[in-house]
Structure formats: C-alpha cells, structure tokens
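Welcome! Here is a short guided tour for someone meeting this structure for the first time. Please keep the 3D view open as you read.

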Amino acid sequence: MLSSARRVKVAVAAAGFTSFALLYAPQAVLPQLAGQYRLDPGGAALAVSVATGALAISVLPIAALSEAIGRRPVIIASVVLSSVLGLLLPLVPNYPLLLVLRAIQGVAIAGFPGVATAYLVERLGKTGVAAAVGAMIAGNTIGGMTGRLATGFTAGPFGWRGALYVVAGLSLVCAVVTVVMLPPSPVRAGERQGLRDIGAGLLSAVRRPVLLAQYAVALLAMGSFVALYNAAGFRLTGEPLNLSPAIASLVFVSYALGSVSSATANRLSARLGRRQALVAVLVLTAVGALLTIPDSLPLIVVGFLVLTAAFFAAHSIANSWAAADAPENARGQVGGLYMLMYYLGSSIGGGVGSVVYGRDGWNWLIVAVVVWLGLAVAAVSVGTRVRRQARVLVGS
C-alpha cells in the first residue's frame, strides 16, 4: 500500500502528464498545420496560444472556485474534461473550429495548474512543498515531452489528427490514475472561503513585492521558453538544416533534462539562497538561447538542453518560493496568480515570438528572448531588495 504522501505525488504527476501532454501536443506539428491550412508561423502558433491564453484567463477564477468547493473536485474535473476534449479535437473539420475547441480545452486544463500548488501545501505542509513542487513539475515536463514526441513521431504515419488521438489516449489513462489515487484536501467544509475572504486573499497576494517578482518571472521566462519551442520546428525543418518532422521533434527530448533540474532545483536554492539561485538559472537560460544562434546542429542541441534545464529550474524555484511565501489566507490566489502569469506568458510570448521569427528570423527572436529574461532578472533583484529593506526597517 502506498502512503498518503506517495499517493499524492503519483496522482499529481499523472494529472500533470495529462494536462501538459494535451496542452502542448500541437506544438510538434505546427509546421504540418501551417502546410495544411496555408498559415504563417504566427497563425499556426495560435493552436498553442489560444489554449494557453484561455488557460491564463481561467486559472484565477478556477483557483477562487477551489477555495469554495475544494481542490480535489477541481483537479478531477480538469483532467477528465480535458482528456475528453482531446479525443474530440481531431474530429473538427476546419482550423477556426480547432481553435475554438483548443480554447475550451485550455479552460478545462486550467483546473490542475491553478490549484495544484495550493493542494500540495495543504496536504504536505510548507516544509515539504519545495520538493513536492519540484516533483510535480518533473511530472509535468515528462507529460509535455511525451505529448510533443508522440505527435512528432506519429504525425508521419497517421497524420496530425492521428497523432493527437495518440496523445489523448495516453492522457485519458493518466486521468484515470488521478481519479483513483488523488486523496481529498484536508480542509474542512467549514473552512471554505466566502467571496469577501477570496477578495481579501487576492489583495494580499498582490501586496508583497517578493511575490510580484515571482509573477514576473513566470510571465517573462515562460514567454521566452514557449517562443523558442514554437519556432524550433520551423527552424529545424527549414533551410539550412532540413530535418524531417520526426527528427526535429527530438528537440523535445531536452525536457527529460528539465524534469531532472526542476526536481533538484530546491537543492540549488538551499546552497545559494533562492535569490541567487533564481538569478543564476535565468542567466543560464539566456546563455542557452544564445548558443542556438549558429546554424550548427550540435550547438543548437546543446543550447536547447541548457535553456530547458535552466528554465525548469527557474520555474521550480519561483513557483515554490511563491507558494512558501503566500499568506495563509491567499494560498489559492497566489497559486492562481502565478499560473495566470505563467500561461499568459506562454500565450503572449509564444505568439509574439512566432511573429518575430516569421518576420525577422531566429536571431531577432533570440534578441527578444534575452531582453525578456533580463527583465525577469531585474524583477527578482528589485522585488527581493524591497523585501530586505523592509526587514531592516522593521528590525531598526
């Protein structure tokens, strides 16, 4: 028999696999979508951006809903509905309807990332949340990697519709695991928040500069990351590299390294301190992006490995930092705001980055990404400096 803590980890890992495999599965077949529907890279990227944008808009209301009805029902509804929608997605007859269904799927997916961190804090406590969040993000990255690789390798023999069916089937299996394994949240019904409490918690969630810094990291780092991966398929399958879609999709194997770095990021934080560790991995993400500039496949591979590992470490540190510093009356709101900014970054950054790539090429995309990551470093520096100054004033 698995202990309660192990059941939690297995369940959230399965839920993360479902959510992220479904959310980013179309990313590996964006060139095929562009070819079939005669789209430029920016138009094809909407298949990813509309889902992440809908998720971003929905995540905060759903996080607030979880304060009223509990975390587990929201997570269960999320994984089941998003899997069913994944099975329906390949049936749509045209691109506009595909985008509509992707937006609805984004809303359904929002239930898991919007409340997962708050759920883990309630089940495992603040002392165990860093390692738990790292393990959850590791599961998320495996789902994202598997979804992209599955579509990339099966799009050849089955077409992009068949490839999406494969991912939806895998995700449905993991959704069943979540339903069976996920324990209820320990919060009693009498402790649920009313509308006034939810509003007060939301206000608390935006008052602390250190939390605002983590939201900025979520927005800017995720925008940079998705922008690069949205354009990666076009660059690798186009001139001068000319890789096949299946070989090009191997770039997503980099996610395996990301799963390791996210799970071990808390050790780096313990050694360097959260501020220094977060700044270091954000800078390393920019270094990885710069390595992809030359038209050299080995350097591009190394660059994606470095930027992926560093990005997921940054996400793990920022997410667990926000969860640990969240006021007790605003755990759901802080988690919701973090994920709002995270997926808003995915939607806006992914879309803008694809447009920049389509107009000006890879090098200018890297310039944009490095600027965004520099702004994230500045946000961490300013937010934590304000916090330290406040502590000095209180102690004086």
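## A first look at the model

Arginine 235 is buried, with a relative accessible area of 7%. Please keep in mind that this is a predicted model. Arginine 235 makes a good starting point, as this residue forms a salt bridge with aspartate 295, and the closest N and O atoms of the two are 2.6 Å apart. The pair joins distant parts of the chain: arginine 235 sits in helix H9 (residues 209–237), while aspartate 295 is found in the loop between helix H12 (274–291) and helix H13 (297–325), 60 residues apart. Unlike its buried partner, aspartate 295 is exposed, with a relative accessible area of 52%.

How many salt bridges does the count come to? The answer is two. In the other, the side chains of aspartate 325 and arginine 274 meet, at 3.6 Å from N to O. Aspartate 325 belongs to helix H13 and arginine 274 to helix H12, so this pair ties together parts that are 51 residues apart in sequence. Here aspartate 325 counts as buried at 9% relative accessibility, whereas arginine 274 counts as partly exposed at 30%.

## The overall picture

Stepping back, the secondary structure of the protein comes to 15 helices and zero strands. The protein has 396 residues, and 58% of them count as buried. Among the contacts with a separation of 6 or more, 85% are between residues 24 or more positions apart.

The largest nonpolar core holds 123 residues, and those touching the most other members are Phe225, Leu228, Leu278, Leu282, Phe304, Tyr343 and Leu365. Helix H9 gives the largest share of this core, with 17 residues. What does leucine 278 touch, leaving aside its neighbours within four places in sequence? Its contacts are Gln214, Val217, Ala314, Ile317, Ala318, Trp321 and Val380.

## Aromatic rings

The aromatic pairs number 14. One of them is the stacked pair of tyrosine 229 and phenylalanine 252, with 5.4 Å from centre to centre and 25° between the planes. Tyrosine 229 lies in helix H9 and phenylalanine 252 in the loop between helix H10 (245–248) and helix H11 (254–272), so the pair ties together parts that are 23 residues apart in sequence. Tyrosine 229 is buried, at a relative accessible area of 1%, and phenylalanine 252 also counts as buried, at 4%.

Phenylalanine 311 and phenylalanine 312 offer another arrangement: their ring centres are 5.0 Å apart and their planes meet at 70°, so this pair is edge-to-face. Phenylalanine 311 counts as buried at 2% relative accessibility, and phenylalanine 312 does so at 5%. These four residues belong to one aromatic cluster, which also includes Phe20, Phe225 and Trp362.

Tyrosine 229 and phenylalanine 252 come up again around glutamine 27, whose contacts beyond four places in sequence are Val48, Arg148, Val226, Tyr229, Asn230 and Phe252. Glutamine 27 is found in the loop between helix H1 (4–24) and helix H2 (30–37). Is this residue buried or exposed? Glutamine 27 is buried, with a relative accessible area of 3%.

## Two kinked helices

Helices H6 and H11 each have a kink, and each is followed by a glycine with a positive phi, as the table shows.

| Helix | Kink | Centre of kink | Glycine just after, with phi |
|---|---|---|---|
| H6 | about 30° | threonine 117 | glycine 125, about 85° |
| H11 | about 45° | threonine 264 | glycine 273, about 95° |

Helix H6 (residues 111–124) has 14 residues and reaches 20 Å from its first C-alpha to its last, close to the 20 Å expected at 1.5 Å a residue. Why can H6 be called largely enclosed by the rest of the structure? It is because 12 of its 14 residues are buried. Threonine 117, where the kink is centred, is among those buried residues, along with Phe112, Pro113 and Tyr119.

For H11, its 19 residues should span 27 Å at 1.5 Å a residue, and its end C-alpha atoms are 25 Å apart, which agrees. The buried residues of H11 are Ser254, Tyr255, Gly258, Ser259, Ser261, Ser262, Ala265 and Ser269. In an α-helix there are 3.6 residues a turn, so residues three or four places apart point the same way.

Methods:
Residues are numbered from 1 along each chain as its sequence is written. This is a predicted model: local features need pLDDT of at least 70, side-chain atom pairs count only at pLDDT 80 or more; totals for chains, interfaces and linings use all residues. Side-chain values use heavy atoms; hydrogens and water are left out. A salt bridge is a side-chain nitrogen of Lys or Arg within 4 Å of a carboxyl oxygen of Asp or Glu. Helices (H or I, at least four residues) and strands (E, at least two) are DSSP runs, numbered from the N terminus. Buried means under 20% relative accessible area, exposed over 50%, partly exposed in between (1.4 Å probe, protein chains only). A nonpolar core is a set of buried Ala, Val, Leu, Ile, Met, Phe, Trp, Tyr and Cys residues joined through side-chain atoms within 4.5 Å. Contact means heavy atoms within 4.5 Å. Rings of Phe, Tyr and Trp (its six-membered ring) pair if their centres lie within 6.5 Å; planes under 30 degrees apart count as stacked, over 60 as edge-to-face and the rest as tilted. The expected span of a helix is 1.5 Å times one less than its number of residues. The bend at a residue is the angle between axes fitted to the seven residues ending there and the seven starting there.
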